Amino acid sequence: KAEAHLYTIIKIARDEDLKEQTGKDIYFDLVDHEKVRSFRIQKQLPFSTFKEEVAKEYGIPVQFQRFWLWAKRQNHTYRPNRPLNPHEEMQSVGQLREISNKAQNAELKLFLEVEFGLDLQPLPPPEKSKEDILLFFKLYNPEKEVLCFVGRLFVKALGKPSDILRKLTEMAGFTPDEEIELYEEIKFEPNVMCEHIDKKLTFRASQLEDGDIVCFQKSPKADSGTQVRYPDIPSFLEYVHNRQVVHFRSLEKPKDDEFCLELSKLHTYDDVVERVARQLGLDDPAKIRLTSHNCYSQQPKPQPIRYQGVEHLLDMLVHYNQTSDILYYEVLDIPLPELQFLKTLKVAFHHATKEEVVIHSIRLPKNSTIADVIIDLKTKVDLSSPTAELRVLEVFYHKIYKIFPLHEKIENINDQYWTLRAEEVCKTNDVPEEEKNPSQHDRLIHVYHFTKDPLQNQQIQNFGDPFFLAICEGETLAEVKGRIQRKLQVPDEEFSKWKFAFISMNRPDYLQDSDVVSARFQRRDVYGAWEQYLGLEHTDTAPKRAYTANQNRHTHEKPVRIYN
């Protein structure tokens with residue numbers, strides 16, 4: 001580290017690197033500089049001494065080496081720009097790096113040009129005037145969908161592509177009379193730009209310059225009869241630029257890849273679900289529902305993608321400034337466009353006398369109301385009596401936040417964070433008629449279980465299943481306790497240990513048997529009624545007893561059945 005500033009990294013790209021990488025690691029530009037040979041050289045070292053090291057490394061005598069500086073163009077491509085001049089080669093490595101790149105600690109990137117004769121022995125570099133242009137050539141094979149680097153040539157600015165056709169057919173291994181088409185690879189970000197080159201125009205007229213890339217292929221024959229996906233270089237480069245391997249996972253098993261598909265970022269919503277349906281052997285692609293991946297949480301996003309809700313695959317994969325390669329899928333029992341007009345709610349049904357909680361999926365048109373939910377639920381559950389009525393509550397962290405009015409529309413109800421609980425409201429020994437319809441002299445109060453956490457400064461921790469209780473004016477705690485014990489079926493010995501408190505804003509005020517409970521609940525219009533409640537303080541244990549049916553089902557593993 002202490003000596004790092006004394007050195008420069010020099011990265012040397014050669015023809016061999018271009019051949020090795022093109023069509024495998026890269027398709028655009030010429031080379032990935034991360035994968036070429038790098039040298040760590042002292043900054044004071046003369047560049048001429050470095051050339052001797054290159055001679056030892058590659059067996060190319062110094063007099064046959066010519067080095068080119070690379071330059072980043074305005075269109076974000078990176079190409080050899082010009083050869084080093086004799087004056088620059090006399091300088092130190094550190095001075096040369098500053099010429100090529102003003103940024104501190106930057107590497108010096110060079111292209112090593114070596115010419116070979118027919119006997120494959122190196123030759124001195126040819127003279128280069130302003131009229132000489134160094135072009136790089138890639139060959140495309142549409143049948144095999146293969147692109148490879150085949151070499152480079154110096155051409156005259158006022159010459160024409162027709163002058164070099166024989167050399168190109170030779171490079172490609174074609175017969176000398178093979179018709180070929182030429183294209184210039186101009187850029188690839190944000191979009192691919194690859195334009196046809198007119199063989200009759202001069203290179204200068206086609207605006208070709210040092211470092212430009214010419215791609216060529218056999219001229220497509222109209223009567224060839226062979227079907228190819230990408231008949232020409234622009235369509236192939238477009239495909240390469242936009243192709244995306246997507247890992248598909250079942251939403252039910254979000255950690256495991258089920259299958260991978262090679263798609264295009266430009267595929268439409270319909271293209272993507274059609275490919276997924278084909279992969280799954282499904283006749284109707286509309287029954288596929290997709291969900292995007294959250295790159296930060298590494299989980300599915302909470303909301304699925306709406307039917308035709310995005311234009312392209314890329315829109316499904318982008319999460320803020322990151323692009324994912326994961327999508328989650330579900331196979332629905334009805335087509336997604338139909339399902340989107342419906343709302344599915346998960347409702348936990350608590351039977352009046354049975355311990356078991358049964359979770360039902362209720363699917364209704366979005367403009368339905370809670371009354372419709374109750375009608376649907378009644379067809380699916382066992383009621384304790386034919387006349388039993390139901391109500392739906394919003395429960396969150398063992399508190400009841402809301403009784404849904406029957407007229408409330410279900411479209412905006414969120415069952416992802418809150419639990420929707422349906423329960424019976426009927427006339428039994430435990431639940432008086434008044435609880436169904438409290439008179440003005442009665443009050444419906446919230447009753448919650450709680451303990452105090454000794455580790456958190458005696459803070460109140462709610463647990464178990466909260467419930468409502470109707471209390472009468474003047475009713476004492478002793479009378480209310482009797483009804484609570486009957487409702488929860490708690491044995492005398494256990495119940496004798498329970499404490500009762502009026503709790504407002506998380507502060508307990510313990511009650512005596514003679515206290516009038518209703519006197520504590522005077523204000524009917526208090527905001528956040530769930531924050532004023534009758535608290536039952538006892539330990540959160542004993543999962544086997546009957547009254548634990550009303551405890552926290554997560555803590556006590558209360559039996560739960562799920563119906564979809």
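Six elements each supply at least two residues of the lining of the largest pocket in this predicted model, namely β15 (288-294), β19 (326-331), α9 (336-339), β20 (342-350), β21 (357-365) and β24 (419-425). Among these contributors, β20 gives the most, with six residues. The lining as a whole is made up of 44 residues, and those that lie nearest the centre of the pocket are R289, T344, K346, D415 and Q416. Sorted by class, the residues that line the largest pocket comprise 20 nonpolar, eleven polar and 13 charged ones, and the space they surround has a volume of about 1,800 Å³.

The placement of this pocket can be understood from the domain bounds. Domain 3 (240-332) and domain 4 (341-429) both give residues to the lining, and the largest pocket therefore lies between them.

The second largest pocket can be read in the same order. Here α1 (15-21), β6 (115-116), β9 (146-156) and α5 (165-172) each supply at least two residues of the lining, and the largest share, six residues, comes from β9. In total 20 residues line the second largest pocket, with E115, F116, R152, L153 and M171 lying nearest its centre. The lining of the second largest pocket divides into twelve nonpolar, two polar and six charged residues, and the volume of this pocket is about 670 Å³. Because domain 1 (4-123) and domain 2 (132-221) both give residues to its lining, the second largest pocket lies between these two domains.

A local feature can be followed from β15, which was met above as one of the elements that supply the lining of the largest pocket. In the loop between β15 and β16 (299-300) lies Y296. Once its neighbours within four places in sequence are left aside, Y296 is in contact with H319, Y320, N321 and Q322. For one of these partners, Q322, the separation from Y296 is 26 residues in sequence, while the two residues are 9.3 Å apart in space, taken from C-alpha to C-alpha. With another of the partners, N321, the link can be described at the level of side chains, since the side chain of Y296 makes a polar contact with the side chain of N321 at 3.3 Å, which falls within the 3.5 Å limit used for such a pair of N or O atoms.

Terms used. Residues numbered from 1 in each chain as written. Predicted model: local features only at pLDDT ≥ 70, side-chain atom pairs only at ≥ 80, totals over all residues. Heavy atoms only, no water. 1 Å grid on protein atoms, 1.4 Å probe; cavity = no way out; pocket = protein on both sides within 12 Å on 5 of 7 lines; lining within 4 Å. Points joined across faces, edges and corners; volume = space filled by probe spheres on them. Helix = DSSP H or I, 4+ residues; strand = E, 2+ residues; numbered from the N terminus. Nonpolar A, V, L, I, M, F, W, Y, C, P; charged D, E, K, R; others polar. Domains from an automatic or database assignment. Contact = heavy atoms within 4.5 Å. Polar contact = N/O pair within 3.5 Å; in protein donor to acceptor, adjacent residues only side chain to side chain.
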